[in-house]
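This report is written for someone meeting the structure for the first time. Please look over the sequence and the model below before reading on.

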Amino acid sequence: MKIALMDSGNGLLAAAAAVHRMRPDADLVLSAAPGTMPWGPRTPEDVIERALAVARAAAAHRPDALIVACNTASVHALAAIRAELEPGLPVIGTVPAIKPAAAAGGPVAIWATPATTGSPYQRGLIRDFAAGVEVTEIACPGLADAVQWADADAADAAIADAAARTPRNVRAVVLGCTHYELVAERIRAAVQQPSAPPLALYGSAEAVAAQALRRIGAAPDPDAAPTGGLTVLDAGRESELEPCSLSYPEGRSLLTASPARP
């Protein structure tokens with residue numbers, strides 16, 4: 001079994017770690033192009049072009065499924081990727097977890113990149129799944145880039161800026177960019193009000209990992225032998241996990257639990 005994941009950069013780590021927890025015997029292909037980041041401020045046409053290139057690089061390794069582990073790519077390029085690769089290769093997009101967050105009650109804040117915030121795609125999810133719930137969209141310029149390069153000071157500054165624009169009464173924050181899941185606890189600490197109930201955070205990693213397994217008819221088996229291999233692609237070229245990737249527990253879990261492919 002081989003599962004590929006694609007993103008602009010380190011945003012795929014959370015979903016990759018989730019897949020590995022569910023199926024440690026699965027081979028993983030991580031396809032990214034961090035030199036082209038950030039994708040958030042790019043035009044939809046540019047995002048489609050770059051996302052297709054990263055998806056094609058992953059597909060060349062003949063995986064059983066491809067996870068588009070990037071909200072911006074899912075917003076703008078998912079249809080193009082599916083049109084090119086399906087039905088031969090199941091493609092799983094990443095949807096912000098607005099539905100479960102709204103079902104738990106509001107108010108809800110959605111933190112996302114500037115490209116996703118206010119997009120017809122995200123507004124449609126809010127309309128379909130959060131009717132009657134107070135929802136605030138929060139653009140987070142610079143946060144994905146700071147997370148990508150493990151720049152703690154820049155990440156803290158971007159988180160503080162977004163937190164200052166987040167209503168103090170929110171009960172939940174939807175992490176509408178996969179990069180943000182790598183700094184979820186820092187986001188929680190910035191938004192949590194001292195006298196308020198514990199803040200709920202909603203990411204997408206576990207859901208997309210489970211959906212990928214369902215699409216290929218595989219069940220989770222976390223007790224399987226950790227025999228899965230790891231292939232890392234940087235703009236289509238075989239590479240290794242970068243130090244910035246290994247600064248996160250999700251990245252380190254892949255290095256320690258998955259032997260490098262020959």
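Against which strands and helices do the buried residues of H3 pack? In this predicted model, the buried residues of H3 pack against strand S1 (2-6), helix H2 (44-59), strand S3 (65-68), strand S4 (91-92) and H5. Helix H3 itself covers residues 71-85 and bends by about 70° at Ala 77, and Ala 77 is also one of the buried residues of this helix, which include Asn 71, Thr 72, Ala 73, Ser 74, Val 75, Leu 78, Ile 81 and Leu 85.

Helix H5, one of the elements that the buried residues of H3 pack against, has buried residues of its own, namely Gln 122, Gly 124, Leu 125 and Ile 126. These buried residues of H5 pack in turn against H4, strand S5 (108-112) and strand S6 (135-139).

The buried nonpolar residues can also be followed as cores. The largest nonpolar core has 55 residues, and within this core Leu 5, Leu 30, Ile 67, Trp 111, Leu 143, Tyr 180 and Ile 187 touch the most other members. Helix H1 (residues 13-22) gives the largest share of this core, with seven residues. A second core of 23 residues is separate from it and includes Leu 66, Ala 73, Ile 81 and Val 91; of these, Ala 73 and Ile 81 lie in H3, where both are buried.

The next topic is the empty space in the model. The largest pocket holds about 300 Å³ of space, and among the 18 residues that line this pocket, Val 95, Pro 96, Ala 97, Ala 207 and Val 208 are the closest to its centre. Helix H4 (98-103), helix H5 (120-129) and helix H9 (205-215) each supply at least two residues of the pocket lining, and H9 gives the most, with five residues.

There is also one cavity of 30 Å³ or more, and its lining consists of Gly 11, Ala 14, Ala 15, Thr 94, Thr 178, Glu 181, Ser 204, Ala 205 and Val 208. H1 and H9 each supply at least two residues of the cavity lining. Val 208 thus appears in the lining of the cavity and is also listed close to the centre of the pocket.

The table sets out the volume and the lining classes of each space.

| Space | Volume | Lining residues by class |
|---|---|---|
| Largest pocket | about 300 Å³ | ten nonpolar, four polar, four charged |
| Largest cavity | about 30 Å³ | four nonpolar, four polar, one charged |

Note on methods:
Residues are numbered from 1 along each chain as its sequence is written. This is a predicted model: local features need pLDDT of at least 70, side-chain atom pairs count only at pLDDT 80 or more; totals for chains, interfaces and linings use all residues. Side-chain values use heavy atoms; hydrogens and water are left out. On a 1 Å grid over the protein atoms alone, a cavity is a set of points where a 1.4 Å probe fits but cannot get out, and a pocket is an open set with protein on both sides within 12 Å along at least five of seven lines; lining residues have an atom within 4 Å of a point. Grid points are joined across faces, edges and corners, and a volume is the space filled by probe spheres set on the points. Helices (H or I, at least four residues) and strands (E, at least two) are DSSP runs, numbered from the N terminus. Ala, Val, Leu, Ile, Met, Phe, Trp, Tyr, Cys and Pro count as nonpolar, Asp, Glu, Lys and Arg as charged, and the others, Gly among them, as polar. Buried means under 20% relative accessible area, exposed over 50%, partly exposed in between (1.4 Å probe, protein chains only). Contact means heavy atoms within 4.5 Å. A nonpolar core is a set of buried Ala, Val, Leu, Ile, Met, Phe, Trp, Tyr and Cys residues joined through side-chain atoms within 4.5 Å. The bend at a residue is the angle between axes fitted to the seven residues ending there and the seven starting there.
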